[in-house]
Amino acid sequence: MSKITRNGESFLDFKKRSKTSDFPTSFCHYIQSFGETYFWEKGNFHVITKAHHAREVLTSDAYSADRSSFFISRMPKLDLGLIPDFFGVVSKMMVMSDDQDHTKRRNLAAHGFEDQVLERFSEKLLLTVKLLLEEIKDKKEVEFVESVAKKLPSLILADLFSIPAGEREQFTKWSSTMTGFFGGASQYRNEDGIEVNQAALSLKHYFTKLIEDRKKTPGEDYVSLLLNSPEIENFSHDEVLSQLIMMLVAGMATTTDQVSNIMFQLATHPEIQKEVRENKNLIPSMIEECKRFDPAVTFIFRVVRKETSIGEQTMAIGDVVFISTHAINRDMNSDLAPDILNIHRKGTHFAYGYGAHYCIGARLARMEMKALFEELLTGLPPFELDQSKDSIRDHYSLSFSGFQQLNLIIN
Ligand code: HEM
């Protein structure tokens, strides 16, 4: 056993200079070109490019989801004393927890997120999607990220949590500050720390008040249903807050980015757009294939907590392991021209992760995207990229990829 080490252009730099249309494939090939599993010196982490190794990491107790040490190592210039509330909230989130703590927190958050609850919510969700698309219905030119992709998840989550209209803007702003910092979009200067801590504190105050209100007057919303869980007495107030904030933060940027990536693929594959317009039954498989091909979450990562190995690669306690979703999504479809977008593919993907931390919001995300693309592809004429304006991918962090601007012409 040994430590296979590789070096080259930083992944983030490569991402940032990739051509918009080539990005998913060129980035995937760049990562794969260094081998199956290797230690990437520039980033100080191991890289996994094979699907069977990814499954191994995501189901083994040798790896922890508690990535606080890695986050802290990325913030050398920041006075950590400035972000006690941010860390307090994040450290109790399910996504940073292992074993029983994780199961307990995830089970709590799953209350109010059961299939039948989401089923009941689907009518409201469809109405929100229809109203959102009304705003662009008669336009010939649309910048999709600001006009649709950012609004969609914040409207849906605000509906799900029953946030009153007047409070929604503030609520969305705090959660995007949290997501940006959490996802690595920040420069991690002291002023960024002060801003994110303020956002965490505001969300804590907001949810504390919301919890009090919903206890007094329960409704059909997600917060009321979660509070109605029989296990609620076993949780501290802070733990409940962290799961509520987690659900909010995790469902925003991921959905915005994924929806934009799918829209870009439709705009640049007119033959696929035509085919799904003619046969709406193909929309769900088109969405799944776009997530395989152009995933929003580009790396899932873990920290080694027991000495272990993957293939020939040894892993020491404290090492960080990055799983490339681009690489593993193509590896698991390697016999079927993985670099081609093929909506008839029967393959699967890791866009929502795998194992104990598999995305708890996957069903809601699928409902949002199905409603959005069904409405778009029935209500809106064919669209293509507006070549007179730039469409710019947004590689604000290593872990996420979406669009900063996606300019479309509606014909
Ligand atoms: C297209 C949209 C989405 C994508 C691509 C996505 C992707 C992911 C991925 C890859 C993970 C696994 C993270 C890991 O293993 O470290 C995850 C976890 C999670 N997601 Fe999503 N997600 C999406 C939408 C949502 C929505 C809408 C919600 C909630 C409203 C949500 C809530 C969560 C939560 C709470 C976790 C942590 C689960 C756990 O730790 O057990 N996600 N998501």
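How many bridges pair S5 with strand S13, and in which sense do the two strands run? In this predicted model, S5 and strand S13, the latter formed by residues 407-410, are paired over three bridges in the antiparallel sense. Two of the facing positions can be named from the S5 side: Glu143 lies opposite Asn407 of S13, and Glu141 lies opposite Ile409 of S13. On the S10 side, S13 is again joined by three bridges in an antiparallel arrangement, and here Leu385 stands across from Leu408 of S13.

Taken together, these pairings give an open sheet of three strands, ordered S5-S13-S10 and paired antiparallel. Strand S5 (141-143) and strand S10 (383-385) occupy the edges, and because each of them has a single partner strand, one side of each remains without a neighbour in the sheet. Averaged over the sheet and with direction ignored, neighbouring strands are turned by 30° against each other. As a general point, the side chains of a regular strand alternate between the two faces of the sheet.

A second set of strand pairings involves S6, which covers residues 299-304 and runs antiparallel to strand S4 (residues 63-64), with two bridges joining them. Within this pairing, Ser64 is found opposite Val303 of S6. S6 also pairs with strand S9 (residues 320-324), again in the antiparallel sense and over five bridges, and in that pairing Phe301 has Phe322 of S9 as its bridge partner.

From these strands the description can pass to the nonpolar interior. The largest nonpolar core has 110 residues, of which Ala54, Ile245, Val321 and Ile323 touch the most other members. The largest share of this core, nine residues, is supplied by H13. The surroundings of Val321 can be followed in detail: when neighbours within four places in sequence are left aside, Val321 is in contact with Phe45, His46, Ile48, Val57, Tyr63, Phe301, Arg302, Val304 and Met315. One of these contacts, Phe301, is the residue already named as the bridge partner of Phe322.

Another residue whose surroundings can be traced is Met286, which is placed in helix H16 (residues 283-293). Met286 counts as buried because 25 C-beta neighbours lie inside 10 Å, where 20 or more are required. Not counting residues up to four places away in sequence, Met286 touches Ile272, Val276 and Ile343. By contrast with these contacts, Met286 and Glu123 are 22 Å apart in space from C-alpha to C-alpha, with their positions 163 residues apart in sequence.

The ligand has a shell of 23 residues around it, and the ones that come nearest are Ala250, Gly251, Gly353, Cys359 and Gly361. Helix H13 (237-250), helix H14 (253-268) and helix H18 (362-379) each contribute at least two residues to this shell; H13 is also the element that provides the largest share of the nonpolar core described above. Sorted by class, the shell comprises 15 nonpolar, seven polar and one charged residues.

The loops deserve separate attention, beginning with the stretch between helix H17 (325-331) and H18, where Thr348 is found. Thr348 is partly exposed, because its count of 14 other C-beta atoms within 10 Å falls between the limits for exposed, 12 or fewer, and buried, 20 or more. The C-alpha atoms of Thr348 and Ser10 are separated by 29 Å, and these two residues are 338 residues apart along the chain. Ala337 is also found in the loop between H17 and H18, and although Ala337 is not a glycine, its phi is positive, at about 40°. With 11 C-beta neighbours inside 10 Å, Ala337 counts as exposed.

A positive phi is likewise seen at Ser162, where the value is about 50° although this residue is not a glycine. Ser162 is located in the loop between helix H9 (151-160) and helix H10 (168-183), and with 15 other C-beta atoms within 10 Å it is partly exposed.

Terms used
Residues numbered from 1 in each chain as written. Predicted model: local features only at pLDDT ≥ 70, side-chain atom pairs only at ≥ 80, totals over all residues. Near = placed C-beta within 6 Å. Helix = DSSP H or I, 4+ residues; strand = E, 2+ residues; numbered from the N terminus. Nonpolar A, V, L, I, M, F, W, Y, C, P; charged D, E, K, R; others polar. Pairing = 2+ DSSP bridges. Contact = placed C-beta atoms within 7 Å. Axes fitted to C-alpha atoms, helices over the stretch in contact; angles between N-to-C directions. Core = buried A, V, L, I, M, F, W, Y, C linked by C-beta atoms within 7 Å.
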